[in-house]
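Student: I have a structure to go through with you, and I would like to work from the atoms towards the annotation. Could we take it one question at a time?

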Amino acid sequence: MGGGQKRGRTQRRHFKQNRDNVWKHNSNPKKTRPDDGTNNDPNSNPDSIPNQKWEPFISQNPGFEEYYKVQCIVSTEEWEEFMSLLRKPLPAAFRINSSAQFYQDVRMQLENDFMKSLEAEANNEHESEAIRPLPWYPDNLAWHLNFSRMQLRKNQTLERFHEFLKQENEVGNITRQEAVSMVPPLFLDVLPHHHVLDMCAAPGSKTFQLLEIIHQTKEPGLLPDGLVIANDVDVQRCNLLIHQTKRMCSANLIVTNHEAQYFPSCSLNKCSVEISEEEKGELGKSVLQFDRVLCDVPCSGDGTLRKAPDIWRKWNAGMGNGLHRLQVEIAMRGITLLKVGGRMVYSTCSMNPVENEAVVAEILRRSKGTVELLDVSSELPQLVRRQGLKTWKIRDRGLWLASYKIVPKYRRGVILPSMFPSDENCDEVEVSNDGAQEDLMALDSNIGGESISGTITQPSSEIENEKNSENLENIGTSADDDKAAVQTEASNGSASAEAIGDDSKVEVSRFPLERCMRIVPHDQNSGAFFIAVLQKTSPLKEDYKNQSSKNICKISRNMSKNLLDEDQSGTKLSGDVPHDQEPVTTEQASDDSKMDKNQLAALGSKDVGSEDNKEKEKEECDNGEKGHAELNGSKGRLQTQGKWKGVDPVLFFKDEATINSIRSFYGISESFPLEGHLVTRNHDANHVKRIYYVSKSVHDILQLNFQAGQKLKITSLGLKVFERQGSKDGTSPCFFRLSSEGLPLLLPYISKQILSASLADFRHLLQYRTIKFADFVDAKFGEKASELMPGCCVVILGEGKGSADKVEVDASTIAIVCWKGRTNLCIMVSELDGKELLERLSARFGREKGSAREEEKNGDLVIDTVENQELGELNEEAKDIDESKAVSEETVTS
């Protein structure tokens, strides 16, 4: 292919649509806005304007100030301080990965180096220190900076610290995350054996935090009994989530791609597949439920104004109103999936009570005493937080509504009873299904025809809110004609327009919403956040879905019934239930929950294929499913290999010959279970490139998912432990090398292909990456390396300065994956990881100060390398070095 600069996604899309590139520079800009009559220059050209200077974001919005003054989220005396801080950039923050090998070294470097070197850089009236640990986060593992992200990038005196942050973040030692975003996982009270669901997980900072807690107390070579399932509705955001959590190197993670409000239950009790009691016993569980659920729902995101100032321009009260229904449904689905006695945290990065207290009240109302709002005021005592609100008002189209009774009929599809503090209006709701559909379609038209429940992504504290704000900025906007219409109807009805905003008519919630937590920016120089901690005390009542506390009443019930019916016209309303996902309102299994032959084969089940299934498979192949099928060997017949389009199937790897060769080559102990814990995404064992390891808990979920008909759409799972890598001359007896990610898990069980190097030789390997056996400082180490079998091997840092005869492994062991060639040893880690490891060694053992012999050998090593490259001597050895480097480069690329 020819060269050239790659196009971005937006540019490629515009190219396909024959549209101009909206990002390209226009050398002769034309006037893009009408003349407002203020230009008094007679010589000005009306057809063009000069290049305009960059202007900062608008940091005020009258509607925003009016709305939150009425809601009384802060007192009148604090208002100016509150608004002043909202207009200032948000200080950066990050968290140290407590499960990383060098987390203590990183923390010591921050305490002993950067806190002192950056002391003179404090420049904020709210902070006396440039960098400090967050007092409420355990063990000084979270840090707050007195600089915004922009200052870190632009200030030259902070360059070394900025490079430190980038490098440590890339290798997974730290995670850059907004301070208040770290709060919700802490209140989940997660333990290593818990099954945790993160319902709206992307971009993954909170998921990473949950995995840290799961793995925090693990022993070397052992995996915790718990797991985390991280879900997100958007495929692209799932990829971001996978990239974020990949740094954690966890075998206890599953990433799924579902709408949170329709997250499947994977129940075998009502599945169409008949499962024997023996098989159920082998599975260990028959329904997918969780000990902890994190429900960080999509929101308007006005708590992130300091980080995303463009929200000032886009904000309006209708944004929260438009998301309320979706937030309730996601939260109720989380309660449904929660075990009795389990804990769920509901959180948003919004200050709007319609998205916060109103949703929590509706959860308590629907659950009818089976869910308790916990008082967690004694937990994290150093975290400054405020009580939740018990009263608030609704803003709709320019008017304040104090009660659902006075909501105009034509607005009752958007303004719901659950938005108000009181539930006394439940019996008043008599809205027909047709009216609800019309209101909902009108709401869809306000956001560009997109379904809120299906397309809104989560504008949490880690994600920019621009896209969601653009989709929602037209919802509930005030216009003179709409306002007049509401006033006319209100004046003709049971309440007057003046009574709509009368403070004496404000309702008060009967639920203990003061137990909720509100974090406001000026209390501790942070963003804003809302957290509520709920506990499920008993099973949900059978009729809660149909009754719904009568708050959405006939609207919700009739809509759900319609959405479950097949739409013969092919059109869908907002909130339409996808055909391939299980809705909240039903538990019955569909035809696609039946297992095909290949799924059963993956579990070792009996052949239960039928002619109907074969015809169905053939029809799916004919309809374009060939991308997810494999050649079966019987005259080219194609079989479907996975339920979900666009996602490779998850299969247990059961090739005994390959597993035995791996175990024999590396001397992996029989006490380490490989069989039943290895998975792959390819059906043909001869073409498998990567093998992943899953924990016992993930294994059980996978089996349950297979038995239930693959209801979970899994985009990623497991820890990569082996990769296909054979030598060019075929001398290596094992076709799979060890992965750097999986090395810490396997290291305690490996007895072959492992060496212990001195500190000097270990450093030289990291520095020069490829070294000939004769050039090692420790000649005995070079001899042992030359005696290894060709292929992948492991080099660990031995105690003291010499190499140990016996390799012993514990939690402090430092090891790297290498490749043994005919004449040299080559490391198989990325340059960034090698650089980081060198710096960690320097911090722990000091800078290298070798003896005269070591320095002489080091110089000879460099000279030999130059001579071999420039003079072409020792062709066979040079060829072997090139081959080793090629293996290393391929490793880093993969």
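Student: Which residue's side chain has a polar atom 3.3 Å from the backbone nitrogen of Ala202?

Tutor: In this predicted model, a polar contact requires a pair of N or O atoms within 3.5 Å, and the backbone nitrogen of Ala202 has a side-chain polar atom at 3.3 Å. Ala202 is also listed among the residues touched by the residue in question, together with others including Met199, Cys200 and Ala201. The side chain belongs to Asp232.

Student: Is Asp232 buried or exposed?

Tutor: Asp232 sits in the loop between β6 (227-231) and α9 (235-246), and a loop position alone does not settle the matter. Buried means under 20% relative accessible area, and the value for Asp232 is 3%, so Asp232 is buried.

Student: Why can the residues that UniProt lists for "binding site" be said to gather at one spot?

Tutor: The unreviewed UniProt entry lists Cys200, Ala201, Ala202, Pro203, Gly204, Ser205, Lys206, Asp232 and Asp296 under that term. They span 97 residues in sequence, and yet they gather at one spot because no two of their C-alpha atoms are more than 13.1 Å apart.

Student: Where does α4 have its kink?

Tutor: Helix α4 (residues 103-117) reaches 20 Å from its first C-alpha to its last, which is close to the expected 21 Å. There is nevertheless a kink of about 35 degrees in α4, and its centre is one of the buried residues of the helix, which include Arg107 and Phe114. The kink is centred on Leu110.

Definitions and conventions. Residues are numbered from 1 along each chain as its sequence is written. This is a predicted model: local features need pLDDT of at least 70, side-chain atom pairs count only at pLDDT 80 or more; totals for chains, interfaces and linings use all residues. Side-chain values use heavy atoms; hydrogens and water are left out. UniProt positions are given in the numbering used here, feature names are shortened, and annotations may be inferred rather than shown by experiment. Helices (H or I, at least four residues) and strands (E, at least two) are DSSP runs, numbered from the N terminus. Buried means under 20% relative accessible area, exposed over 50%, partly exposed in between (1.4 Å probe, protein chains only). Contact means heavy atoms within 4.5 Å. A polar contact is a pair of N or O atoms within 3.5 Å; within protein, one must be able to donate a hydrogen and the other to accept it, and residues adjacent in sequence count only if both atoms are side-chain atoms. The expected span of a helix is 1.5 Å times one less than its number of residues. The bend at a residue is the angle between axes fitted to the seven residues ending there and the seven starting there. Lists of a residue's contacts leave out its neighbours within four places in sequence.
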